Amino acid sequence: MRPYILAESNWETIKDAEFELAVLPWGATEAHNFHLPYATDIIESDFIAAESAKIAWAKGAKVIVLPTIPFGVNTGQSDILLDMNLNPSTQFAILNDVLEVLNRQGIYKLLLFNSHGGNDFKPIVRELGLKFPKMFICISNWFQSIDKNLFFENSGDHADEMETSLLLYLKPSLVLSRDKWGDGREKKHKIKAFSEGWVWTERKWSEITEDTGVGDPRLASKEKGEKYFKAVTQKMSELIYEVSKADIQNLYE
Ligand SMILES: [Zn+2]
């Protein structure tokens, strides 16, 4: 039993425990190119949150990792079989209930440990922050915590070299053989402003990619995944430690 993982804990150990910070990993259930499992984002957040909490716990952080929410926002993939969509308004309702529990029980810090690009918690956290003024709520994207270019040759944002490397390291039995991997080529928008990044519209997934991947996975390896995993969990553990020890009445200098 890892004492910083709620799903593995029991009442015997929890009843007298004190926690400074709750971590809520949030994934998605969706196709990841031909070769990665639908639970890719869940697996990533499970492993990365647990390892990061382990390092922070060893340094003295009183952190508890809640079970990963398995569904994310997949509104752009409505025609991809069994991509499970959770609407932003449902995410609002879930977070509202989680915050109500934490707030009532005096655990005033929540770190959202996001694992899926379609999850956008900012407007939700702004609104819930007003409703729960005692709570310190922050949002993290582990996949933006360090520069991917230091570890991987090809960029991408879905089932790419990075995600394939991570899964080869974390769950190799769930990765199909290399001959099944699609090239993850993404079609760009005809209107240039969208590719420049300052105008946004939802990508219609089945029109921008043949294999559901965005980013060429073919240079992925277990070794790259291991190196990246260690770097990301180190960085995320520092965040967990700092937030857990922070005085939320005195955050600025
Ligand atoms: Zn993913």
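# Notebook: salt bridges, sheet, pocket

I began with two residues and found that Asp160 is buried, and that Lys148 is buried as well. The model I am reading is a predicted one.

**Entry 1. Asp160 and Lys148**

I looked up what joins these two side chains. Asp160 and Lys148 form a salt bridge, with N and O 3.0 Å apart. I then checked where each one sits. Asp160 is in the loop between strand S5 (156-158) and helix H5 (161-170), while Lys148 is in the loop between strand S4 (136-141) and S5, so the bridge ties together parts that are twelve residues apart in sequence. As a reminder to myself, side chains of opposite charge can pair when their charged atoms come close.

**Entry 2. Asp157 and Arg203**

Next I took a pair from further along the chain. Asp157 makes a salt bridge with Arg203, and the closest N and O atoms are 3.3 Å apart. This pair links distant parts of the chain, 46 residues apart: Asp157 belongs to strand S5, and Arg203 to the loop between helix H6 (192-196) and helix H7 (205-208).

Are these two residues buried or exposed? I noted neither extreme: Asp157 is partly exposed at a relative accessible area of 45%, and Arg203 is partly exposed at 30%.

**Entry 3. Glu161 and Lys224**

I looked up Glu161 and found a salt bridge to Lys224, with 2.8 Å between the closest N and O atoms. Glu161 is in helix H5 and Lys224 in helix H8 (residues 222-245), so this bridge ties together parts 63 residues apart in sequence. Glu161 is buried, its relative accessible area being 0%. Lys224 is also buried, because its 18% falls under the 20% limit for that class.

I also asked which residues are joined into one network by salt bridges that share partners. They are Asp157, Glu186, Lys188 and Arg203. For the whole model I wrote down a count of 14 salt bridges.

**Entry 4. The sheet**

I turned to the strands. Four of them make an open sheet in the order S2-S1-S3-S4, and the pairing is parallel. Strand S2 (63-65) and S4 are the edge strands, each with a single partner, so each has one side without a neighbour in the sheet. On average, neighbouring strands are turned by 20° against each other, direction ignored.

I looked more closely at one pairing inside the sheet. Strand S1 (residues 21-26) and strand S3 (residues 109-114) pair in parallel over five bridges. In this pairing I located Ala22, whose bridge partner in S3 is Leu110.

Which helices did I find on the sheet? Helix H3 (residues 88-104) lies across S1, S3 and S4, and runs at about 160° to S1. H8 packs on the sheet too, where it touches S1, S2, S3 and S4, and its direction makes about 165° with that of S3.

**Entry 5. The largest pocket**

I looked up the volume of the largest pocket, which is about 1600 Å³. It is lined by 50 residues, and those closest to its centre are Gly117, Asp157, Trp200, Arg203 and Trp205. Asp157 and Arg203 are the salt-bridged pair from Entry 2. The elements that give two or more residues to the lining are helix H2 (40-59), H3, helix H4 (122-131), S4, S5, H5, H6 and H7.

**Entry 6. Two positive phi values**

I checked Leu82, where phi is near 65°, a positive value in a residue other than glycine. Leu82 is in the loop between S2 and H3. With 58% relative accessibility, Leu82 counts as exposed.

I then checked Thr212, another non-glycine residue with a positive phi, near 75°. Its place is the loop between H7 and strand S6 (214-215). Thr212 counts as buried, at 14% relative accessibility.

**Entry 7. Phe143**

Last, I looked up Phe143, which is in the loop between S4 and S5. At 19% relative accessibility Phe143 counts as buried. What does Phe143 touch, not counting residues up to four places away in sequence? I listed Asn114, Ser115, His116, Gly117, Lys148, Met162 and Tyr228. Among them, Lys148 is the salt-bridge partner of Asp160 from Entry 1, and Gly117 is one of the residues closest to the centre of the largest pocket. I also noted that Phe143 and Ser52 are 91 residues apart in sequence, with 13 Å between their C-alpha atoms.

How values were computed
Residues are numbered from 1 along each chain as its sequence is written. This is a predicted model: local features need pLDDT of at least 70, side-chain atom pairs count only at pLDDT 80 or more; totals for chains, interfaces and linings use all residues. Side-chain values use heavy atoms; hydrogens and water are left out. A salt bridge is a side-chain nitrogen of Lys or Arg within 4 Å of a carboxyl oxygen of Asp or Glu. Helices (H or I, at least four residues) and strands (E, at least two) are DSSP runs, numbered from the N terminus. Buried means under 20% relative accessible area, exposed over 50%, partly exposed in between (1.4 Å probe, protein chains only). Two strands pair if DSSP finds at least two bridges between them. Axes are lines fitted to C-alpha atoms, for helices over the stretch in contact, and angles run from 0 to 180 degrees between N-to-C directions. Contact means heavy atoms within 4.5 Å. On a 1 Å grid over the protein atoms alone, a cavity is a set of points where a 1.4 Å probe fits but cannot get out, and a pocket is an open set with protein on both sides within 12 Å along at least five of seven lines; lining residues have an atom within 4 Å of a point. Grid points are joined across faces, edges and corners, and a volume is the space filled by probe spheres set on the points.
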